[in-house]
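I opened the model to make a few notes. Here is what I looked up, entry by entry.

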Amino acid sequence: MKFENAMTLEFPSKSANECFARSAVACFAAQMDPTLEELGDIRTAVSEAVTNCIVHAYPEGLGLITIRCRILKDNVLDIVIKDKGVGIENVEQARTPMFTTGGVERSGMGFTIMETFMTTFAVNSKSGVGTTVHMRRKLQRRK
Amino acid sequence: MHFTSYLQDSRLTVLLTGEIDHHCAKTYITAINSKIEAYSPGMCVLDFSGVTFMDSSGIAVVINALRTMNASGGTLAVSSPQKQVMKVFRASGIDKLIKIEEEVS
Ligand SMILES: Nc1ncnc2c1ncn2[C@@H]1O[C@H](COP(=O)(O)OP(=O)(O)O)[C@@H](O)[C@H]1O
Ligand SMILES: [Mg+2]
């Protein structure tokens with residue numbers, strides 16, 4: 001597939017990397033001349049997906065998280081966030097608002113927020129293999 | 001992390017600052033709980049004006065504060081969220097559970 005620019009990041013599932021990941025993607029997206037609101041939406045969705053890899057994918061210890069971003073034609077930012085963790089048995093259930101297997105410091109709203117803030121959103125997961133989140137955001141062209 | 005708070009007529013305001021994500025959510029939850037325990041207010045207001053970013057971990061912070069206040073028969077409100085924070089509140093539906101005092105501008 002054709003793209004105008006691309007980048008890939010790989011880092012261990014340490015919670016200190018949540019801020020790093022959303023900031024890095026926002027920096028990459030800056031060349032698309034996004035509005036502040038669009039940038040906020042992108043930062044939020046990336047933060048949710050990366051946090052899920054850190055909290056849920058690797059519950060016992062560290063694993064790798066990969067982020068691939070591409071700028072596609074018509075000002076579309078394509079983001080893929082992938083882990084090789086425990087996977088999700090029932091994706092449909094996991095995407096239900098307020099569903100969480102986490103403790104009191106989770107809200108179960110992560111997938112709902114990714115879905116609301118992005119133009120397209122999809123989750124592929126397999127138990128014992130890992131989870132991949134695909135999302136796209138179309139940015140308005142500013143004149 | 002430093003949390004400023006003030007008590008006025010049994011109304012406790014806690015000023016939150018910075019970016020609230022999973023990495024630091026526990027710090028916020030613990031700090032808010034200990035303020036509520038220390039002052040036993042009838043109402044607690046979480047002032048979000050200094051929060052520059054929040055993801056769904058911030059929702060958990062608010063829900064935990066709500067639980068703590070409900071346990072003592074008190075109420076919780078949120079005030080002055082910035083645009084990105086307000087968007088997360090709306091997307092999660094928490095604006096239907098808790099009073100959000102938006103900044104008058
Ligand atoms: N990368 C992942 N690996 C394994 N499980 C996941 C992953 N992402 C999400 N999940 C599962 O989906 C549930 C819902 O996720 P989410 O909506 O982000 O809420 P929360 O993170 O607050 O639990 C999680 O509680 C977890 O069980
Ligand atoms: Mg989550």
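The entries below go from chain A as a whole to its ligand, then to single residues and helices.

**Entry 1: chain A overall**

I noted at the outset that this is a predicted model. I looked up the secondary structure of chain A and found four helices and five strands. Read along the sequence, the order is β-α-α-β-β-α-α-β-β.

Next I checked the dimensions. The C-alpha trace of chain A spans about 45 × 30 × 30 Å along its principal axes. The radius of gyration of chain A is 15 Å, which agrees with the value near 15 Å for a compact globule of 143 residues.

I then looked at burial and contacts. Of the 143 residues in chain A, 51% are buried. Among contacts in chain A with a separation of 6 or more, 65% are between residues 24 or more positions apart. The exposed area of chain A is about 7200 Å², and carbon and sulfur atoms supply 53% of it.

**Entry 2: ligand 1**

Which residues come nearest to ligand 1? I found 17 residues around the ligand, and the nearest are A:His56, A:Asp83, A:Thr100, A:Thr101 and A:Gly108.

I went through the polar distances to oxygen atoms of ligand 1. A polar side-chain atom of A:Thr100 lies 2.5 Å from one such oxygen. For A:Asn52, a polar side-chain atom lies 2.9 Å from an oxygen of the ligand. A:Gly110 uses a polar backbone atom, 3.2 Å from a ligand oxygen. On its own, ligand 1 has 540 Å² of accessible area, and the protein covers 96% of that.

**Entry 3: helix H4 of chain A**

A:Gly110 led me to H4(A), where it is one of the buried residues. The other buried residues of H4(A) are A:Phe111, A:Thr112, A:Ile113, A:Met114 and A:Phe117. Six of the eight residues of this helix are buried, so H4(A) is largely enclosed by the rest of the structure.

I asked what the buried residues of H4(A) pack against. Within chain A, their partners are H2, H3, strand S4 (120–126) and strand S5 (130–138). From chain B, H2 and helix H3 (83–92) also take part.

**Entry 4: two loop residues of chain A**

I picked A:Glu105, in the loop between helix H3 (91–94) and helix H4 (110–117) of chain A. Is A:Glu105 buried or exposed? A:Glu105 counts as buried, because its relative accessibility is 19% and the cut-off is under 20%. Beyond its neighbours within four places in sequence, A:Glu105 is in contact with B:Lys26, B:Ile29 and B:Ala60. The side chains of A:Glu105 and B:Lys26 make a polar contact of 3.4 Å.

I also took A:Ser13, in the loop between strand S1 (5–12) and H1 of chain A. At 5% relative accessibility, A:Ser13 counts as buried too. Leaving aside neighbours within four places in sequence, its contacts are A:Cys53, A:Ile54, A:Tyr58, A:Gly61, A:Leu62, A:Gly63 and A:Ile65.

**Entry 5: helix H1 of chain B**

I moved to H1(B), residues 22–39. This helix has 18 residues and reaches 27 Å from first C-alpha to last, close to the expected 26 Å. B:Asp21 caps the N-terminal end, with a side-chain oxygen 3.1 Å from the backbone nitrogen of B:His23. Just after the helix, B:Ser40 takes a positive phi of about 35°.

B:Ile29 is among the buried residues of H1(B), as are B:Cys24, B:Tyr28 and B:Ile36. I listed the packing partners of the buried set. From chain A they are helix H1 (17–29) and helix H2 (36–57). From chain B they are strand S1 (4–8), strand S2 (11–20), strand S3 (43–54) and H2.

**Entry 6: helix H2 of chain B**

Last, I checked H2(B), residues 56–71. The helix has 16 residues and reaches 23 Å, close to the expected 22 Å. H2(B) is mostly covered, with 12 of its 16 residues buried. B:Ala60 is one of the buried residues, and B:Ile59, B:Val61 and B:Val62 are others.

I looked at both ends. At the start, a side-chain oxygen of B:Asp55 reaches to within 2.9 Å of the backbone nitrogen of B:Ser57. Just after the helix, B:Gly73 takes a positive phi of about 75°.

Technical notes: Residues are numbered from 1 along each chain as its sequence is written. Chains are lettered from A and ligands numbered from 1 in the order in which they are written. This is a predicted model: local features need pLDDT of at least 70, side-chain atom pairs count only at pLDDT 80 or more; totals for chains, interfaces and linings use all residues. Side-chain values use heavy atoms; hydrogens and water are left out. The expected span of a helix is 1.5 Å times one less than its number of residues. Buried means under 20% relative accessible area, exposed over 50%, partly exposed in between (1.4 Å probe, protein chains only). A polar contact is a pair of N or O atoms within 3.5 Å; within protein, one must be able to donate a hydrogen and the other to accept it, and residues adjacent in sequence count only if both atoms are side-chain atoms. The radius of gyration is taken over C-alpha atoms; the globule rule is 2.2 Å times the number of residues to the power 0.38. Contact means heavy atoms within 4.5 Å. Accessible areas come from the Shrake-Rupley method with a 1.4 Å probe; for residues, only the protein chains shown count as cover. A residue is near a molecule or strand if one of its heavy atoms lies within 4 Å of it.
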